[in-house]
Each structure stands twice: as structure tokens, then as C-alpha cells.
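Let's go through some labels for this model and ask what earns each one. Take a look at the sequence and structure first.

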Amino acid sequence: MEFVIKQSVLKEELGFIQGVVERKTTIPVLANILIESIGENEIRIVGTDLDVTIRCDAEAEIRHSGSMCIQARKLFDIVRALDFGDVHFKKEENEWVTMKCGRANFRLAGVSREQFPEIPSFKSTPMKLPAAVFNYFIQNTAFAITNEVSRFTLSGAKFIVSDGVAKMITTDGHRLAYIERSLTDGGSTDVIDTLIPKKALLELAKVSRDTASDISFGEDTNHLYFEMEGRLLISRKLSGNFPNYEMVMPKDNDKVAIFDLDEMRSAVRRVSLMADERNRSIRVTVREGEIELSAQSSEEGEGREAVQ
């Protein structure tokens with residue numbers, strides 16, 4: 001295999017893939033990425049940890065078709081240190097790869113294509129959401145996903161699209177985050193109700209951060225597929241039953257508080273400086289026209305602030 005690609009293009013795509021490539025793994029090949037030629041002017045770069053896979057397509061000049069597997073982190077470190085310009089790759093004997101950019105020359109050890117794991121067959125992605133909506137969902141719910149490995153069904157987000165409404169719910173057993181958004185194409189009959197692992201959510205947010213278009217998504221029995229602008233993220237589903245979140249959400253609540261988010265965030269940050277180190281809690285008191293925040297420590301003192 002032999003191809004030429006722009007340094008800026010390669011650096012961007014490799015940056016997306018780094019998050020899923022295993023650095024410390026009992027399966028050494030997972031520290032590598034697969035680069036394949038597709039057609040006459042495009043390459044496909046794939047990285048996986050067997051749970052989450054990212055596939056990126058990038059424009060390149062293909063001189064000889066084929067494939068190569070290269071150590072992912074080392075390649076990324078080299079590419080981002082190169083000057084802007086064309087990067088020339090050529091596969092040599094015994095899986096070695098030569099790489100040239102300007103006056104810089106490198107020779108990298110590779111592994112056989114046959115050692116790289118098979119990627120799940122890409123299924124259709126019939127449903128769509130704007131990338132901005134997906135990112136908003138993730139940024140405002142990911143904090144409530146548990147970090148306890150034993151609580152497997154809570155280590156991701158419940159994602160539901162049904163009846164023209166998209167929802168994302170997360171909980172760690174102590175707090176719950178719930179967001180819903182009405183869809184513009186509310187007439188769609190497609191339905192999805194699944195659990196997305198935390199790592200897949202964070203990688204999806206990273207890959208789609210600068211994407212202005214829609215994210216297309218779909219599922220099969222074991223996997224979820226998210227497609228956007230030449231990139232595809234594949235994730236295993238979480239198995240098990242997510243807790244019945246509707247049971248803990250108040251049904252007849254008549255208390256509503258509306259506040260400026262930035263003002264509240266700043267007040268919480270200030271008052272929490274006086275919170276007890278053991279439980280890190282603050283008290284919230286809602287009154288007519290204001291919300292009072294207070295925190296105290298028996299050893300250090302107390303803090304109090306009202307938000308109008």
C-alpha cells in the first residue's frame with residue numbers, strides 16, 4: 001500500500017481515534033489502527049477497543065491500494081509534530097511502514113491486517129438528530145453516570161426516541177439527570193430505547209463537536225451506530241434493565257424555580273467552598289422571589305448567598 005495525505009487532515013482524524021485505542025491492553029493489536037484504501041482518493045482509518053469503534057474516512061492520493069496496521073499513539077505523536085504539508089506512506093516487507101514529510105523520514109513497525117479484529121457490519125442509520133442536540137444531551141447528563149464498575153446498568157445513559165420526542169436519562173443512584181427535546185420531524189414512526197455506554201457518549205461528543213449537520217443513528221441486536229460527515233462510531237449496547245426513573249420523578253410538584261444559570265453556577269461555586277469536606281453538601285432554600293444557598297463546616301465556618 002502507498003498513499004499521500006495532507007498532514008492537517010491526518011492529524012485531525014487520528015485525534016478522534018485516540019480516545020478508543022487501548023494503550024495498556026492484554027491484546028497488543030488493539031494499540032494499533034487499521035488504515036485501508038477505499039477507491040482511488042480515500043483512505044479509511046479504524047480504531048477499536050472492542051467495545052467502541054471509530055471509523056474515519058479521509059481524502060488521500062492512493063498510489064497503490066492495500067492496508068496497513070500501525071501503532072496508533074506513536075503515529076499520532078509523529079504526525080502532530082510534523083510541519084504542514086504532504087505525508088507519504090509506503091508499506092514495506094514484513095509489515096514495516098515508511099513515512100516521509102519534507103525532510104523528515106520515519107520507519108514504523110506494523111502488524112498483519114489479519115490480526116486486527118473484525119469490525120461489526122455497518123447497519124443502516126435511519127434516525128437523525130442535530131449534532132448540537134446530541135452534544136447538549138451528553139454535556140448535561142454525563143455527570144450523573146456512575147463510576148462504580150459493579151453498577152453496570154448505571155454506567156451509561158438511557159436514550160429514547162419515540163412519538164416525536166428524544167430523551168436522555170442518567171443516574172448514579174444518588175442523583176438523576178433527565179433531558180427531553182421535541183423533534184422537528186415529529187411524524188417519524190422510528191423508535192429507539194437503548195442504553196449507551198459512557199465511553200461511547202464521550203467519544204461521540206468529541207467526534208461531533210464541530211459538526212454542524214445531523215448525526216444519523218440506528219441499532220441492531222448488540223450494537224449502536226452513529227454516522228456523521230464521513231465518520232462512524234460503533235458501540236456495544238449496555239445490557240440489563242435501567243431503573244424505573246419515572247418512579248422517582250415527582251408527579252404533582254407545584255414548586256417551580258427559574259433562575260439565571262450563570263449566576264446560580266457562580267453562587268454554588270462560592271458557597272460550596274465552605275461545605276463540609278466529608279459530604280460536600282449545600283442547602284438550597286426556595287422562597288418567593290429568591291433561592292438561598294448555604295453551607296457550613298463545624299471546623300471552618302459557613303457561607304450563605306441568595307440568588308434572585
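A disulfide here is a pair of cysteine sulfur atoms within 2.5 Å. Keep in mind that this is a predicted model.

Q: How do you know that Cys69 has no bond to the closest cysteine sulfur, in Cys56?
A: The sulfur of Cys69 is 15 Å from that of Cys56, and the cut-off is within 2.5 Å, so the pair is too far for a bond. By this rule the count comes to 0 disulfides, and Cys56 is in no disulfide either, with the sulfur of Cys69 as its nearest at 15 Å.

Q: What makes Cys56 count as buried?
A: Buried means under 20% relative accessible area. Cys56 sits at 0%, so it qualifies.

Q: And why is Cys69 called buried?
A: Its relative accessible area is 1%. That is under 20%, so Cys69 gets the label as well.

Q: What makes Val248 exposed?
A: Exposed means over 50%, and Val248 comes in at 60% relative accessibility, so it counts. You'll find Val248 in the loop between β18 (231-236) and α5 (261-271). With Leu176 and Met247, Val248 forms a nonpolar surface patch, together about 310 Å² of accessible area.

Q: Which residues touch the most other members of the largest nonpolar core?
A: Phe3, Ile35, Ile43, Leu75, Phe89, Phe159 and Phe226 do, out of 62 residues in that core. A second, separate core has 8 residues, including Val271, Leu293, Ala295 and Val307.

Q: What is Phe89 in contact with, leaving aside its neighbours within four places in sequence?
A: Its contacts include Met1, Phe3, Leu10, Met68, Leu75 and Val97. Contact means heavy atoms within 4.5 Å, so each of these has such a pair with Phe89.

Note on methods. Residues are numbered from 1 along each chain as its sequence is written. This is a predicted model: local features need pLDDT of at least 70, side-chain atom pairs count only at pLDDT 80 or more; totals for chains, interfaces and linings use all residues. Side-chain values use heavy atoms; hydrogens and water are left out. A nonpolar core is a set of buried Ala, Val, Leu, Ile, Met, Phe, Trp, Tyr and Cys residues joined through side-chain atoms within 4.5 Å. Buried means under 20% relative accessible area, exposed over 50%, partly exposed in between (1.4 Å probe, protein chains only). Patches are made of residues with over 30% relative accessible area and no salt bridge: like charges are joined within 9 Å, nonpolar side chains (Val, Leu, Ile, Met, Phe, Trp, Tyr) within 5 Å. Accessible areas come from the Shrake-Rupley method with a 1.4 Å probe; for residues, only the protein chains shown count as cover. A salt bridge is a side-chain nitrogen of Lys or Arg within 4 Å of a carboxyl oxygen of Asp or Glu. Helices (H or I, at least four residues) and strands (E, at least two) are DSSP runs, numbered from the N terminus.
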